[in-house]
Amino acid sequence: MFEMVCELKIDGLNISLIYEHNAQSSTPKAQNYRYIRAITRGNGIEGEDVTHTVKTIEEIPLSITIKNTDGDAPQFLEVGGEVYLTKAGLRKINEDMPPEEQFANPRNAAAGTVRQLDPQIAAHRDLRMFCYSLDSGAADSLGITTQSGLLQMLQDAGLPVHPGRKMVKNIEGIEKIYA
């Protein structure tokens, strides 16, 4: 028997949020971190700095607190997730654009918006994000050993995670979610 966390695949732009430890505002039972950067996956080796636009996503906290940590507080947390746009958000953006400039789908619109040089444009588009990963060094330092535990920690820290995730204990449960 096994347990597996099932989450929906969100078709967006993969982003890493970088948070830096703020020792001055931390306590032994609560480690505080501040948002310092957001980076795209880029070519797999080097990403594009999109801090200025990702910072405008309302769901992304500029500071987070990790409570009841069992291990050492890492200097940095790299939180991975998907920035996306809803279909309704796409329709709203496209309403104001000439047909030849309209985005073909929500993923393209999210990617184009994140890469905007003007953060004001990004702020007026309804970008959203779901977080689902943490760099392995930070996870080890914080004593996180399961995806379920990681998602709960991210949620408790105020980061957006998909609310429809489910823990299943067999193949039938996975198939039911898939269907």
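This report describes the cysteines, the surroundings of Met-4 and the largest pocket of a predicted model.

The two cysteines are taken up together in the table below.

| Cysteine | Closest cysteine sulfur | Relative accessible area |
|---|---|---|
| Cys-6 | 19 Å, in Cys-131 | 12%, buried |
| Cys-131 | 19 Å, in Cys-6 | 1%, buried |

A disulfide requires a pair of cysteine sulfur atoms within 2.5 Å, and because the sulfur of Cys-6 lies 19 Å from the closest cysteine sulfur, that of Cys-131, the separation is too far for a bond. The count of disulfides accordingly comes to zero.

Met-4 belongs to strand 1, which covers residues 4-6, and with a relative accessible area of 37% Met-4 is partly exposed. Once neighbours within four places in sequence are set aside, the contacts of Met-4 are with Lys-166, Met-167, Val-168 and Ile-174. Gly-173 stands 169 residues from Met-4 along the chain, yet the C-alpha atoms of these two residues are separated by 9.4 Å.

The largest pocket has a volume of about 280 Å³, and among the 16 residues that line this pocket, those closest to its centre are Ala-123, His-124, Arg-125, Asp-126 and Leu-127. At least two lining residues are supplied by each of helix 2 (87-95), helix 4 (119-123) and strand 6 (127-134), with helix 2 giving the largest share, three residues. Sorted by class, the lining of the largest pocket comprises seven charged, six nonpolar and three polar residues.

Terms used: Residues numbered from 1 in each chain as written. Predicted model: local features only at pLDDT ≥ 70, side-chain atom pairs only at ≥ 80, totals over all residues. Heavy atoms only, no water. Buried < 20%, exposed > 50% of the residue type's maximum accessible area, 1.4 Å probe, protein only. Helix = DSSP H or I, 4+ residues; strand = E, 2+ residues; numbered from the N terminus. Contact = heavy atoms within 4.5 Å. 1 Å grid on protein atoms, 1.4 Å probe; cavity = no way out; pocket = protein on both sides within 12 Å on 5 of 7 lines; lining within 4 Å. Points joined across faces, edges and corners; volume = space filled by probe spheres on them. Nonpolar A, V, L, I, M, F, W, Y, C, P; charged D, E, K, R; others polar.
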